[in-house]
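The report below works through the model shown here, beginning with one helix and its surroundings and then widening to the rest of the assembly. It is meant to be read alongside the coordinates.

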Amino acid sequence: MVLSVRGLAKRFGVFAAVEDVSFEVSAGEVLGLLGANGAGKTTTVDCILGLLEPDAGAVTICGLAPRAARAKFGAVLQATGLPDKITPREALNVFAVLHAAPQDALLERFGLTQKADAHYDTLSGGQKQRLALALAFVGDPPLLVLDEPTAGLDIQARRSLHDDIRATRSGGRAVLLTTHDAAEAQALCDRIVVIAGGRIAAIGTPDALAAGGALEDRVAELMR
Amino acid sequence: MSALATLVLLNLKLNFRNRMAILYGYLFPLIFLVAFWALYRNDPVPLALHLGQLVTITVLGGACFGLPTTLVGERERGVWRRYVLTPAPRWLFIAGMLIARYVLLLSAVLLQIALALAFAMPLPAHPVAFFAAFTATAFAFMAIGLVIAMLVDNVPAVQALGQCIFLPMLIIGGVAVRLETLPGWAQAASSFFPGRYAVAALQSAATGSGRAPFELLALALIALAAGIAAAGLFRWDRQLRPNRAWVVVALGMWVAIGVLNQLRPLSRPVMDTRNVGTAADYVSRAASRATQSWRDVTEADIASIAFDRLPPDDGIVSPVARPDEDPDPVLLPQLERIQAALPGWAPGNVIDPVQRTRNLLLVAAVPDLMQVEQVERFVPRLVFARLQAVIPPRDLPRILYWIATHPGEGSDAAVHELAGFGLPDPNGPGNAFHPREMLYAFKLLGRLSGNIVTAPR
């Protein structure tokens, strides 16, 4: 088991953002965390990565607590960026030093060779997202956490990123993917956790959740 | 390369790619320098007496605006949220940023000093003490910058909070406006601002004794308290709410230092107590001989003086204005006050001619020692004229020689009777005045004997 989440709960004042959330992700599996905006997906991810301290529950990554497991995961999060004037080559070099791991070939693998020395603020949205994914791969971690990685991307960039995620799974890594797009979850995920109002509404394979119908309709029903 | 070195290098590279950072970090300090040079162009030695102020302003700008602006800007864009997910320890990122900022401040100050040298400013008298004072100032203000960065959520708020600290410190904190020129209440208030201690420590190293233990301790404690407060307030993400009670730790130290300074018996402007040598440095050893009284002094004794070894008249130590040099009109009221008060000044009329001469020389020595800028080089002209009026011409050279070679004799009580001239009452070590008395005695003697000729320009 690469990622284990047990009875996770997080409150902000009187507001319960996440309550009693439990799931696991295995090696070679893409698990989707599917829910509407404000459903609690990002709070769950922040607790998993140690950015927020949960009020209850336990998270382990490769058997370690999140803060001790920083070398075991890579993450592409919402609301993260890089300094405007850093170049992709510099960013990868710095992250490689911080992970004490090589980053050879990541520029090429994520199609950033031609923009290797361009400043971050001159990159397109898709290029920035590919760089974020490349940075998540530094250190070759067993778990990738992707929080709505395709948000704001055009169709071409989105397809390219989907290919990267599939390649990641076939490489034997575990992937936790949050999305509010049922079609994206169905296309990429082995299992889906539907989260609504901070609680797990359903969990299963895309086919089992769709139950012969359209997954989007079923999810919309669960979120009501 | 180590992770820390990599982060320092990255921070430096990113800074130099940012035009606004270059503007604020390097151009503004140079503009301040030129402004000070223009404002105080009548100083005998350009800029030297304002170096502490200039460097403090540079460090304040870089540490209390530049540092938090960078940190808050990156936090707003989620850069720190990304950094914190790497396996590197969190302190590494802060250390990298602080070291890079220190290097930037150091380079800005060195550039400022280089330009000041081009304006004929001499190098700081105590370079090691100057470096120590700069370092203490930089870390004190960087720690304050970190507190600002942790308190605010966005870059405009950095400017607002930074100005709340920056402006009072400039105006009533003894940074942009010299402490001695501030009213009493503002001088007392300045004790509670860190800028005062930065200016005093740096100025002491630039033109003073180079010893400022209280000021250095104050800066170190301010840095420590602000560092603890910043650690308590620390947040990687603007969504996290800091516990603002930690600010009390930083501000509490400002108050504690201010109270301590108010209680200090020697809380007064910096005295220039640098070593200017002894009479033996200016009198030929072979020619000097033991004399019992000023009456035994001969022409040969006076001829043994190496007048060319005396500090230059246009320097910081024992300056004397040229005969054809007119003081700035703003100085005239004080100089006229001194000139008018000299004939009636009791210590300048005592019966003993040696003590009388000593007392009058003190009137020149005190402004020099207390760095009463601009005025100090015109006072010796008034004193020399008064001495020539009240001491017989035959006796004056011998008395001056006697005082110059016996500076520790006689009474210094007159030093506390200078209020009538509008001069400060220096409560420092009594023997601090003797070397300056000695130098002015030599300088007047040089003029009387024709060994020092000050030709009009």
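## Helices and contacts

Just after α7(B), the residue B:Gly174 adopts a positive phi of about 80 degrees. Like everything that follows, this is read from a predicted model.

Helix α7 of chain B covers residues 155-172, and because a rise of 1.5 Å a residue gives 26 Å for its 18 residues, the 26 Å between its end C-alpha atoms agrees with expectation. The helix nevertheless has a kink of about 30 degrees, centred on B:Gln163. Its buried residues are B:Val158, B:Gly162, B:Ile165, B:Phe166, B:Met169 and B:Ile172. An α-helix has 3.6 residues a turn, so residues three or four places apart point the same way. The cover over the buried residues of α7(B) includes α3 (51-76), α6 (127-151), α8 (184-190) and α9 (194-207) of chain B.

Helix α2 of chain B, residues 19-39, can be described in the same terms. Its 21 residues reach 28 Å from the first C-alpha to the last, close to the 30 Å expected at 1.5 Å a residue. A kink of about 35 degrees lies at B:Leu27, shortly before the proline B:Pro29, and B:Pro29 is itself among the buried residues of α2(B), together with B:Gly25, B:Leu33 and B:Phe36. Here the covering elements include α3 and α5 (90-118) of chain B.

The following table sets out the two helices.

| Helix | Residues | End-to-end C-alpha distance | Expected span |
|---|---|---|---|
| α7(B) | 155-172 | 26 Å | 26 Å |
| α2(B) | 19-39 | 28 Å | 30 Å |

Two residues of chain B illustrate the packing in more detail. B:Ala129 lies in helix α6 of chain B and counts as buried because 21 other C-beta atoms lie within 10 Å, where the cut-off is 20 or more. Leaving out residues up to four places away in sequence, B:Ala129 touches B:Ala205 and B:Gly210. B:Ala129 and B:Ala201, although 72 residues apart in sequence, have C-alpha atoms 8.4 Å apart in space.

B:Arg81, in helix α4 (residues 79-83) of chain B, is likewise buried, with 23 other C-beta atoms within 10 Å. Apart from neighbours within four places in sequence, its contacts are A:Leu51, A:Leu77, A:Ala79, A:Thr80, B:Trp236 and B:Asp237. By contrast, the C-alpha atoms of B:Arg81 and B:Leu106 are separated by 29 Å, with their positions 25 residues apart along the chain.

Which residues make up the side of chain A that touches chain B? In total, 19 residues of chain A are in contact with 18 residues of chain B. Helix α2 (residues 88-99) of chain A supplies the largest share of that side of chain A, 6 residues, and the side divides into 13 nonpolar, 3 polar and 3 charged residues.

Chain A itself contains 8 helices and 9 strands. Its radius of gyration of 17 Å agrees with the value near 17 Å for a compact globule of 224 residues, and its C-alpha atoms fill a box of roughly 45 × 35 × 35 Å along the principal axes. Of its 224 residues, 47% count as buried, while residues 24 or more positions apart account for 67% of the contacts with a separation of 6 or more.

As for confidence, the mean pLDDT of chain A is 90, and 100% of its residues reach 70 or more. Among the elements of chain A, the lowest mean, 82, belongs to helix α8 (residues 215-223) and the highest, 96, to strand β4 (residues 56-61).

Terms used:
Residues are numbered from 1 along each chain as its sequence is written. Chains are lettered from A and ligands numbered from 1 in the order in which they are written. This is a predicted model: local features need pLDDT of at least 70, side-chain atom pairs count only at pLDDT 80 or more; totals for chains, interfaces and linings use all residues. Helices (H or I, at least four residues) and strands (E, at least two) are DSSP runs, numbered from the N terminus. The radius of gyration is taken over C-alpha atoms; the globule rule is 2.2 Å times the number of residues to the power 0.38. A residue is buried if 20 or more other C-beta atoms lie within 10 Å of its own, exposed if 12 or fewer, and partly exposed in between; C-beta atoms are placed from the backbone. Two residues are in contact if their C-beta atoms, placed from the backbone, lie within 7 Å. Ala, Val, Leu, Ile, Met, Phe, Trp, Tyr, Cys and Pro count as nonpolar, Asp, Glu, Lys and Arg as charged, and the others, Gly among them, as polar. The expected span of a helix is 1.5 Å times one less than its number of residues. The bend at a residue is the angle between axes fitted to the seven residues ending there and the seven starting there. pLDDT is the predictor's confidence in each residue, from 0 to 100.
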